[in-house]
Amino acid sequence: MAELQISGDLIASENDKLAAAQKSDFEALGAHLARRNIDIEAITTKVADFFVAVPSWGVGTGGTRFARFPGQGEPRGIFDKLDDCAVINQLSRATPNVSLHIPWDKADPKQLKAHAEALGLGFDAMNSNTFSDAPDQVHSYKYGSLSHVDAATRKQAIAHNIECIEIGNAIGSKALTVWIGDGSNFPGQSHFARSFERYLDAMAEVYKALPDDWRIFSEHKMFEPAFYSTVVQDWGTNYLIAQTLGPKAFCLVDLGHHAPNTNIEMIVSRLIQFKKLGGFHFNDSKYGDDDLDAGSIDPYRLFLVFNELVDAEERSVENFHPAHMIDQSHNVTDPIESLISSANEIRRAYAQALLVDRAALGGYQDGNDALMASDTLKRAYRTDVEPVLAEARRRAGGAIDPIAAYRASGYRQRVGKIRPASTGGSGGII
Ligand SMILES: [Mn+2]
């Protein structure tokens with residue numbers, strides 16, 4: 001709703017307070033980068049053109065299996081969620097697209113499209129949900145969905161995914177992300193090969209329903225909710241899926257879905273090399289699939305992932321256009337602030353990766369100079385690119401300091417008066 005948006009005047013007056021310092025910092029960084037033969041204007045343009053999609057489910061307060069502690073003014077449904085997403089984009093200018101989850105966000109596609117367009121938003125990949133039971137569904141997913149032993153349950157899961165494609169098609173989405181909770185909790189509970197065969201057959205049915213210009217992303221996860229085995233557990237299985245399904249099928253890498261210490265950037269490189277990297281769910285983690293804010297625990301790892309992406313971009317890898325999405329759960333922060341901050345951290349990693357001297361790095365690699373190769377990456381990573389990020393926001397009409405502008409706007413208090421307090425004592429893992 002237009003009256004809930006942050007006013008342009010407020011952004012301008014907040015930016016006025018910081019304009020002189022921003023100009024000075026940007027010029028100083030520009031001079032520093034010029035000594036490294038890097039054009040700050042070229043970097044700023046690239047950063048301004050880099051976008052990451054926000055998840056509709058991310059603007060509500062998340063939770064754990066123990067509890068959920070609701071925040072003030074939580075969105076009541078998808079239209080409130082889109083309003084919140086618009087605020088994130090208005091201030092960050094980094095998130096013009098929203099990724100929907102069906103059935104959570106189910107609504108009349110015409111209304112969805114009209115509301116999003118009025119807010120200057122579009123839609124990124126659709127997400128199906130066959131990991132929980134919707135109130136009106138006939139067959140339960142307790143023991144799986146696309147890989148279920150029962151054909152009728154699989155059929156229901158296939159039909160749901162096809163419905164997601166149809167809704168997505170009506171609102172301008174071009175991709176479907178499929179993550180299933182299928183797996184087993186006990187050794188012997190399911191037959192590994194047979195369950196994977198059933199999954200592949202079911203996914204082939206979904207694949208057939210894809211429009212020509214769509215892509216399907218399969219997302220792997222090593223554990224949870226199944227604790228012994230999952231049907232799509234790692235990137236190897238994910239690659240087999242994408243290869244088996246066909247040219248419109250790609251692998252989605254969620255940074256939280258790997259064993260601790262897994263070399264994710266190397267997985268990214270392999271998937272790029274074999275043309276099956278579909279996209280990302282960005283987040284961060286300390287112990288497992290913690291769904292913490294991107295860059296909050298290990299920003300260097302995020303940089304190393306982007307180092308691979310920029311390397312591919314600069315090598316002009318054919319058909320290389322991975323989808324960038326955030327997939328986080330915000331338990332103790334204002335979700336709008338976390339998403340603004342995360343989009344900024346993702347852009348930061350991208351900007352730092354753009355600063356890597358790739359000619360020098362290649363020389364050090366070929367010359368077996370391990371120390372200087374490592375230092376070449378560290379030099380890019382150590383550079384404080386915040387003035388570039390702020391400048392990209394400012395020039396696009398966003399805020400130099402988006403969190404400060406958000407707090408000054410009083411948006412959360414304002415929606416808190418309109419939206420009733422939500423209850424949420426039970427488990428609320430999302
Ligand atoms: Mn995910």
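This briefing describes a parallel sheet, the helices that accompany its strands, and one exposed loop residue. The structure is a predicted model. Its sheet is open and contains 7 strands in the order S3-S5-S6-S8-S10-S11-S12, with parallel pairing. Strand S3 (101-102) and strand S12 (323-326) occupy the edges, and each has a single partner strand, so one side of each lacks a neighbour in the sheet.

**Strand pairing across the sheet**

- Strands of a sheet pair through backbone hydrogen bonds, in either the parallel or the antiparallel sense.
- S5 and S6 are paired in the parallel sense over 2 bridges, and Met 126 has Leu 176 of S6 as its bridge partner.
- Strand S6 (residues 175-178) runs parallel to S8 and is joined to S8 by 4 bridges.
- Two residues of S6 illustrate this pairing: Ala 175 stands opposite Arg 215 in S8, and Leu 176 has Ile 216 of S8 as its bridge partner.
- Strand S8 (residues 215-219) pairs in turn with S10, in the parallel sense and over 4 bridges; here Ile 216 is opposite Ala 249 of S10.
- Leu 176 is thus a bridge partner of Met 126 and of Ile 216, while Ile 216 also faces Ala 249 in S10.
- S10 and strand S11 (residues 277-282) are likewise parallel, with 4 bridges between them, and Val 253 is matched with Phe 280 of S11 as its bridge partner.
- Between S10 and S11 the chain passes through helix H8 (residues 264-273), and this β-α-β crossover is right-handed.

**Burial of strands S6 and S10**

- In a regular strand the side chains alternate between the two faces of the sheet.
- In S6, Ala 175 and Thr 177 point one way and Leu 176 and Val 178 the other way; all are buried.
- Strand S10 (residues 249-254) is mostly covered, with 6 of its 6 residues buried.
- From S10, Ala 249, Cys 251 and Val 253 point one way, whereas Phe 250, Leu 252 and Asp 254 point the other way.
- The charged residue Asp 254 is therefore among the buried residues of S10.

**Helix H5 and its surroundings**

- The path from S5 to S6 leads through H5, and this β-α-β crossover is right-handed.
- H5 lies across S3, strand S5 (126-128) and S6, and runs at about 160 degrees to S5.
- Helix H5 (residues 151-171) also packs against helix H6 (residues 192-208), at an angle of about 35 degrees and with the axes 9 Å apart.
- The crossing of H5 past H6 is right-handed.
- On the H5 side, the contact is made by Arg 154, Ala 157, Ile 158, Asn 161 and Ile 162; on the H6 side, by Arg 198, Ala 202, Glu 205 and Val 206.
- The residues of this contact comprise 5 nonpolar, 1 polar and 3 charged.

**Asp 108 in the loop after S3**

- Asp 108 is located in the loop between S3 and helix H4 (109-118).
- Asp 108 counts as exposed because 11 C-beta neighbours lie inside 10 Å, and the cut-off for exposure is 12 or fewer.
- The C-alpha atoms of Asp 108 and Ile 167 are separated by 8.7 Å, although the two residues are 59 residues apart along the chain.

Methods: Residues are numbered from 1 along each chain as its sequence is written. This is a predicted model: local features need pLDDT of at least 70, side-chain atom pairs count only at pLDDT 80 or more; totals for chains, interfaces and linings use all residues. Axes are lines fitted to C-alpha atoms, for helices over the stretch in contact, and angles run from 0 to 180 degrees between N-to-C directions. A crossing is left-handed if the near helix is turned anticlockwise from the far one by less than a right angle, and right-handed if clockwise. Two residues are in contact if their C-beta atoms, placed from the backbone, lie within 7 Å. A residue is buried if 20 or more other C-beta atoms lie within 10 Å of its own, exposed if 12 or fewer, and partly exposed in between; C-beta atoms are placed from the backbone. Two strands pair if DSSP finds at least two bridges between them. A crossover is right-handed if, with the strands pointing away from the viewer, the path from the first strand over the helix to the second runs clockwise.
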